[in-house]
Amino acid sequence: TGYTRIQLRSGGSLPLAAMDAVGEMLAFSALDQPYAGVEQLRALCTPASLGAFAWDLFQSWLVAGAPSKESWAYTALGQLGDDEAARQLALLIRLWPGEGAHARAVTGLDVLAAIGSDVALMHLNGIAQKVKFKGLQEKARAKIELLAEARGLSSEELADRLYRIVRQTSK
């Protein structure tokens, strides 16, 4: 395949047959209710290789014209994506409404939230704070409010925490 090979934490990479099984698993795993095997995969494999594999799937989906019946290749980013995938996706989310892909951008907010890392949430918060498409900005703000509430924080407290964490890690 032309996809990044998924690397095992113990060394080596998943066999090609297992890579096919990962694709099948992701195809029926929902973003809001991931298949149990996804967590096992995350435990056994390196985050960077999972993120790169998910990004490759996503890129293939885009090149194929982003068919809605194959959107699992997009939402797989939320299940396997890493900080690099979050950074790249956030750039696209900011552009898509201007290209007539507002719904795809809104789904991207869910994908960033599902990635859930500090970097992903920082990008989600950045979209909530400043993006030229007001509808997208409002949806991002609502998503940040839900995430903050789930953590027992206000949106401002979550934004503050994310800013401090990201500032510390970039030193």
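Q: So accessible areas come from the Shrake-Rupley method with a 1.4 Å probe; what does the accessible surface of the protein come to?
A: In this predicted model, the accessible surface comes to about 9,200 Å², and carbon and sulfur atoms hold 53% of that area.

Q: And what share of the residues is buried?
A: Of the 171 residues in the protein, 40% are buried, where buried means a relative accessible area under 20%.

Q: How many helices and strands are there?
A: The secondary structure consists of 9 helices and 0 strands, and the order from the N terminus is therefore simply α-α-α-α-α-α-α-α-α.

Q: Why would you call that chain as compact as a globular protein of its length?
A: The radius of gyration is 16 Å, and the globule rule for 171 residues also gives 16 Å, so the protein is as compact as a globular protein of that length. Along its principal axes, the C-alpha trace spans about 45 × 35 × 30 Å.

Q: What percentage of the contacts is between residues far along the chain, say 24 or more positions apart?
A: Counting contacts with a separation of 6 or more, 59% are between residues that lie 24 or more positions apart.

Q: Changing topic, how far apart are the mean positions of the positive and negative charges?
A: There are 18 positive and 18 negative charges in the protein, and their mean positions are 6 Å apart.

Q: Let's pick a helix, then: which residues of helix 3 are buried?
A: Helix 3 covers residues 47-63, and its buried residues are Ser49, Leu50, Gly51, Phe53, Ala54, Trp55, Leu57, Phe58 and Trp61.

Q: What covers them?
A: The cover over the buried residues of helix 3 includes helix 1 (16-27), helix 2 (36-44), helix 4, helix 5 and helix 6 (102-115).

Q: What does the end-to-end distance of helix 3 say?
A: With 17 residues at 1.5 Å a residue, helix 3 should span 24 Å, and its end C-alpha atoms are 24 Å apart, so the two values agree.

Q: What happens to phi just after helix 3?
A: Gly65 takes a positive phi of about 95° there, and Ala66 has a positive phi of about 55° although Ala66 is not a glycine.

Q: Where is Ala66, and is it buried or exposed?
A: Ala66 lies in the loop between helix 3 and helix 4 (72-80), and Ala66 counts as buried because its relative accessibility is 14%, which is under the 20% cut-off.

Q: Okay, on to Ile93: which helix holds it, and what does it touch?
A: Ile93 is found in helix 5, which runs over residues 83-95, and Ile93 counts as buried because its relative accessibility is 0%. Leaving out residues up to four places away in sequence, Ile93 touches Ala105, Gly108, Leu109, Leu112, Ile127 and Leu136.

Q: How far is Ile93 from Leu124?
A: Their C-alpha atoms are separated by 9.6 Å, while Ile93 and Leu124 are 31 residues apart along the chain.

Q: Which residues of helix 7 are buried?
A: In helix 7, the buried residues are Val119, Ala120, Leu121, Leu124, Asn125, Ile127 and Ala128.

Q: Asn125 caught my eye; why does it count as buried, and what is it in contact with?
A: Asn125 has a relative accessibility of 11%, so Asn125 counts as buried. Apart from neighbours within four places in sequence, Asn125 is in contact with Ile144, Ala159 and Leu162.

Methods
Residues numbered from 1 in each chain as written. Predicted model: local features only at pLDDT ≥ 70, side-chain atom pairs only at ≥ 80, totals over all residues. Heavy atoms only, no water. Helix = DSSP H or I, 4+ residues; strand = E, 2+ residues; numbered from the N terminus. Rg over C-alpha atoms; globule rule 2.2 N^0.38 Å. Buried < 20%, exposed > 50% of the residue type's maximum accessible area, 1.4 Å probe, protein only. Contact = heavy atoms within 4.5 Å. Areas by Shrake-Rupley, 256 points an atom, 1.4 Å probe, with all protein chains shown as cover. Lys, Arg positive; Asp, Glu negative; His and termini not counted. Charge placed at Lys NZ, Arg CZ, Asp CG, Glu CD. Expected span 1.5 Å × (residues − 1).
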